[in-house]
Amino acid sequence: MKRPDLVLALVIAAGLLGSPFYNTDLVRSQLIGSAPVGALGSVLVLCIGLALAWRATLRRGYAWTHPATLTWDDFDGRRPAVLTQRLVLDWAARFGVAAYFFAVSGMLIGFPASLAGPIALFITVAGLALAMGRRRTFPGESLLPLTLAVALVVPLWTYAVAAGLAALALSRSSSLPHNASRDTLIRHYTERMVRRTSAAFLDVWALLPAGRPVPWRTALAGRFIVTRYVVTGTLARRHTLGLPVFLALAVLATHATFPAVTSVWLLGIGGYLGLLPFTAPVAQLHRVPGLRRWLAASNLRLHAVTCAFLCLLALVWAGVVLLLGIPASVSAVVAVLIAALAAVRSVTRGPLDFSSMGMVLYEGVLIPAGLVRQLVRGPDLLVLGLIAASFIPV
């Protein structure tokens, strides 16, 4: 991007992002209207933003190095400083976004009576995330951001003090930028290149989480091989269980903040996003046609078993959300079942066909209608299904 284009893009982005601060009434009327909002809305938004930023920091996406650099240009001791700089920049960007959304929510739905508690919570949680991000992983750490739900039922200062003490305790632990092994750096670099290549070619299902070894030696031996494959593939993604739990809390927080928003859309969208990681086994078979020959079963059987299993997971997830306080209704149950079917439909298309882009000229803009049709396969069923579910009587 040339410098004038970059400046123009930055000016437009600054105008859009700053709109809630200088045009508050208009933005409030467009986003909220006359719908009631919860009393602790901005605090809920802050906790969700902090949990997202914290969880993203724990992925340690900064810990990568090009293999050629490790071989030919890694003798001057600059590697720890480079990795630390990446960590700090990524961390600052994520928590900056969280701070922005808290400020926007405060402008639109009101700040709490005292800002001292939220500011202390923000500082201590950000410090704890940075301290954890610079050390090695430990089991169960991905679930720690979910503890921010406790900050909604206890005084913010209590959680802030606990987070601050934990950050101080971890600040003296060993540093990953200084102790990262060559295998770790190259593995993260490979994962990063896969993500970048997948995004460049719009192959979004390649971004689904990879499986990890399952301690079940006879997992794929015996009858019902399709069922075994789907269940084993789900167990191999057990490390992503934190996402559905977080989404359940996010749905509850959104409902508490904007009670006028129907639960159909909250459960449908939340269920769809929460189930997508567990569609990776089927997505892998459809993305790589050569792998499909390994499973001697028809597509109908494969899709039916996957739909049935994901519908079961969706009902379990919906049961947890309903127990947390979301109003129960027939339309809510239908919404999560539609989300499961839409998730399967999304990942069961074949590889993207760039030869059938179907360019259409609309208002002077060329739109690849054929490519768009391939990309919206799945979300189209979700949107249309949730619209229909909204008309089901309670």
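This briefing describes one helix, the nonpolar cores, the enclosed and open spaces, and two unusual backbone angles of the structure. The model is predicted. Its largest nonpolar core holds 35 residues, and helix α16 gives the largest share of that core, 10 residues. A search of the whole structure finds one cavity of 30 Å³ or more, while the second largest pocket encloses about 650 Å³ of space.

**Helix α16**

- Helix α16 covers residues 330–347, which is 18 residues.
- At 1.5 Å a residue, this helix should span 26 Å, and its end C-alpha atoms are 27 Å apart, which agrees.
- The buried residues of α16 are Ser-331, Ala-332, Ala-335, Val-336, Ile-338, Ala-339, Ala-340, Ala-342, Ala-343, Val-344, Ser-346 and Val-347.
- In an α-helix there are 3.6 residues a turn, so residues three or four places apart point the same way.
- The cover over the buried residues of α16 includes α12 (263–275), α13 (280–287), α15 (299–324) and α18 (379–390).

**Nonpolar cores**

- Within the 35 residues of the largest nonpolar core, Leu-267, Tyr-272 and Trp-317 touch the most other members.
- Two or more residues of this core come from each of α11, α12, α13, α15, α16 and α18.
- The largest share, 10 residues, is supplied by α16.
- Leaving aside residues up to four places away in sequence, Trp-317 touches Pro-244, Leu-247, Ala-248, Val-251, Leu-267, Gly-270, Gly-271 and Val-336.
- One of these contacts of Trp-317, Val-336, is among the buried residues of α16.
- A second, separate core has 28 residues, including Leu-121, Ala-126, Ala-129 and Ala-151.

**The largest cavity**

- The largest cavity contains about 30 Å³ of space.
- Its lining consists of Ala-56, Thr-57, Arg-60, Gly-61, Tyr-62, Leu-87, Asp-90 and Arg-94.
- Two elements, α3 (41–57) and α5 (79–109), give two or more residues to this lining.
- The largest share of the lining, three residues, comes from α5.
- Sorted by class, the lining has three nonpolar, two polar and three charged residues.

**The second largest pocket**

- The second largest pocket is lined by 24 residues.
- Val-45, Ile-48, Phe-101, Thr-254 and Phe-258 are the lining residues that lie nearest the centre of this pocket.
- Helices α3, α5 and α11 (242–257) each supply at least two residues of the lining.
- Helix α5 gives the most to this lining, with eight residues.
- By class, the lining of this pocket has 19 nonpolar, four polar and one charged residues.

**Positive phi angles**

- Most residues other than glycine have a negative phi.
- Arg-60, although not a glycine, has a positive phi of about 55°.
- Arg-60 is located in the loop between α3 and α4 (67–72), and this residue also lines the largest cavity.
- Arg-60 counts as buried because its relative accessibility is 3%, and the cut-off for buried is under 20%.
- Phe-224 is not a glycine either, and has a positive phi of about 55°.
- The loop between α9 (182–200) and α10 (225–235) contains Phe-224.
- Phe-224 counts as exposed because its relative accessibility is 54%, and the cut-off for exposed is over 50%.

Methods. Residues numbered from 1 in each chain as written. Predicted model: local features only at pLDDT ≥ 70, side-chain atom pairs only at ≥ 80, totals over all residues. Heavy atoms only, no water. Helix = DSSP H or I, 4+ residues; strand = E, 2+ residues; numbered from the N terminus. Expected span 1.5 Å × (residues − 1). Buried < 20%, exposed > 50% of the residue type's maximum accessible area, 1.4 Å probe, protein only. Contact = heavy atoms within 4.5 Å. 1 Å grid on protein atoms, 1.4 Å probe; cavity = no way out; pocket = protein on both sides within 12 Å on 5 of 7 lines; lining within 4 Å. Points joined across faces, edges and corners; volume = space filled by probe spheres on them. Nonpolar A, V, L, I, M, F, W, Y, C, P; charged D, E, K, R; others polar. Core = buried A, V, L, I, M, F, W, Y, C linked by side-chain atoms within 4.5 Å.
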